[in-house]
Amino acid sequence: MTSVASVHSLWTVAAGAPGKIPGPHIEYAQLSPTLIVLGAAVIGILIEAFVPRRSRYYSQLLLSVVSLAAAFAAVIGLAAGGFGSSKAHIAAMGAIAVDGPALFLQGTILLVSLIAVFTFAERRLDPAAHGNRVDSFAAQPAAVPGGAAEQAAVKAGFTTTEVFPIVLFAVGGMLVFPAANDLLTLFVALEVFSLPLYILCALARRQRLLSQESAVKYFLLGAFSSAFLLFGVALLYGYAGTVTYAGIAEVVSDGAKQIDPALAGTMGNDALLLIGAALVLMGLLFKVGAVPFHMWTPDVYQGAPTPVTGFMAAATKVAAFGALLRLLYVVLPGMRWDWRPVMWGVAIITMLGGAIVAITQTDIKRLLAYSSIAHAGFILAGVIATSKDGISSVLFYLGAYSFVTLGAFAVVTLVRDAGGEATALSKWAGLGRRSPLVAAVFAIFLLAFAGIPLTSGFAGKFAVFKAAAQSGAGWLVVVGVISSAIAAFFYIRVIVLMFFNEPKADGPTVAVPSPLTSTAIAIGVTATLVLGLAPQYFLDLAGQAGVFVR
């Protein structure tokens, strides 16, 4: 009866004050990074519709680079204006948080995406088809692989320039994901960046069937994870009577005091809280690539076009860990004793599972996929720390890891044979003698993945392990160090293969890239060495950005 009366009172209030429904209050300036990127994505779709085919490539590349650079400048402007610290607040009527972690992660995603766009635009690696330069993407994705329509598209020299607006839509979703301040915004952002990634994975110019298989696997498993997350959102709403992070946190910490009498029959049920939180965490751990939600990672990394794999491996991890941090630190700090043991278990099996299975891999992209799974475990050690140092160490690790990953996959695009990219590890034998510079650059990235001192990987691992040890997770650090030692074996094995084995007569060649891919690799190497040799400024920056607004 009470709920009926409350609904009836709402009707009478609305009827008594016609025209008084309040309009939404949106802080457009503070949401400008996301709005710039999504606006550019819409313009990119219009370019595809109205600009002649011969002009689209340069138009889309210019639009993508300018919009991502402008969005990054907007993030810097917001941080300089104090929105990462003293002016941090909840914007867009409670939907988006504008605070230090959100701005730091958004800046990282935008920089990574800008570099990734350079690899997407590369057109010198494949031999020219019928007098036209081609890129990594299918000439006509809707055509049947090997069919007459595809052959005609290749002959005509078509290139798939719609990948640029698709990437921008994915970036727009990734910018919202770590900043989402309610569960519905979180879910919408998840779908906005996941759907473009499913499409991008299916667009490889060569090995199209493998590419399409990887996209279907990613789509099906991604749909399952989204369903788990959405079901968890429904259960958390049933528990707290709200989807806002602050509202759920209040009910978790204060219990019965916060319960609306009209909803007392369903609210405050601990079973709803525990199952709902577990399901939402499953959805986020899938995006992170943590064991046992990692099954999609090796197949998708291997089948997707390599520029897409690099973008996905770097940017998706940054966005997903940002969302995971905000959920655990803002919504569920009152459940710390419930989720910490579970996350301990996930971190341990992720570190060990990724490192051990990587040893058995014979394909360089699958090896890097299992490497990324192991790194997800290392980052989870920082998440488990539940301290300000834990947040800042995770932010630093994500920034360092993303540049190394992008650079490594950019190098993979250069090593080619008659069938396209030569990703079989056996073909990399003697690469250091054929092309010492490329092999040396890849060795730097592998040493960073292994966490060797003077690279960004060492600084990142040291930060997360120190934060975990200080929070009482000493045994987790021991497992992390053992996993790092196992991982170092297969990274160094690849270096030995490149420099100390004889090159095969029919071995692959190293393509000469355009300035675009060269720039992407150079930025990756520079970031890896700078963050390894002089990490303190960036650690301090991550420390200043390590406070969530509540």
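Helix α4 contributes six residues to the lining of the largest pocket, the largest share from any one source. The model described here is predicted, and the pocket in question has a volume of about 690 Å³. Of the 25 residues that line this pocket, those closest to its centre are Ile76, Phe104, Thr108, Phe538 and Leu541.

Several helices meet at this lining. At least two residues each are supplied by α3 (53-80), α4 (100-120), α15 (388-412), α20 (515-533) and α21 (536-544). What is the class make-up of the lining of the largest pocket? The lining has 17 nonpolar and eight polar residues, and no charged residues.

Two helix pairs illustrate the packing elsewhere in the model. Their geometry is set out below.

| Helix pair | Axis separation | Crossing angle |
|---|---|---|
| α6 (residues 163-176) and α7 (residues 183-201) | within 8 Å | roughly 155 degrees |
| α14 (residues 364-384) and α18 (residues 456-470) | 7 Å | about 45 degrees |

Angles over 145 degrees count as roughly antiparallel, and α6 and α7 are therefore roughly antiparallel to each other. The angle between α14 and α18 falls in none of the parallel, antiparallel or perpendicular ranges, and these two helices are therefore oblique to each other. As to handedness, the crossing of α6 and α7 is left-handed, and α14 likewise passes α18 in a left-handed crossing.

The model also contains an open sheet of three strands, arranged in the order β4-β3-β5 with antiparallel pairing. Strands β4 (420-421) and β5 (509-510) stand at the edges, and because each has a single partner strand, one side of each is left without a neighbour in the sheet. Strands of a sheet pair through backbone hydrogen bonds, in either a parallel or an antiparallel arrangement. Here β3 (residues 415-417) pairs with β5 in the antiparallel sense over two bridges. Which residue of β5 stands opposite arginine 416? That position is held by threonine 509.

Two loops carry backbone features that merit attention. Most residues other than glycine have a negative phi, and most peptide bonds are trans. Methionine 93 is not a glycine, yet has a positive phi of about 55 degrees. This methionine 93 is found in the loop between β1 (89-91) and β2 (96-98). The second feature concerns the peptide bond from valine 291 to proline 292, which is cis, with omega near 10 degrees. Proline 292 belongs to the loop between α10 (270-288) and α11 (296-303).

Definitions and conventions:
Residues numbered from 1 in each chain as written. Predicted model: local features only at pLDDT ≥ 70, side-chain atom pairs only at ≥ 80, totals over all residues. Heavy atoms only, no water. Pairing = 2+ DSSP bridges. Helix = DSSP H or I, 4+ residues; strand = E, 2+ residues; numbered from the N terminus. 1 Å grid on protein atoms, 1.4 Å probe; cavity = no way out; pocket = protein on both sides within 12 Å on 5 of 7 lines; lining within 4 Å. Points joined across faces, edges and corners; volume = space filled by probe spheres on them. Nonpolar A, V, L, I, M, F, W, Y, C, P; charged D, E, K, R; others polar. Axes fitted to C-alpha atoms, helices over the stretch in contact; angles between N-to-C directions. Parallel < 35°, antiparallel > 145°, perpendicular 65-115°, else oblique. Left-handed = near helix turned anticlockwise from the far one by under 90°.
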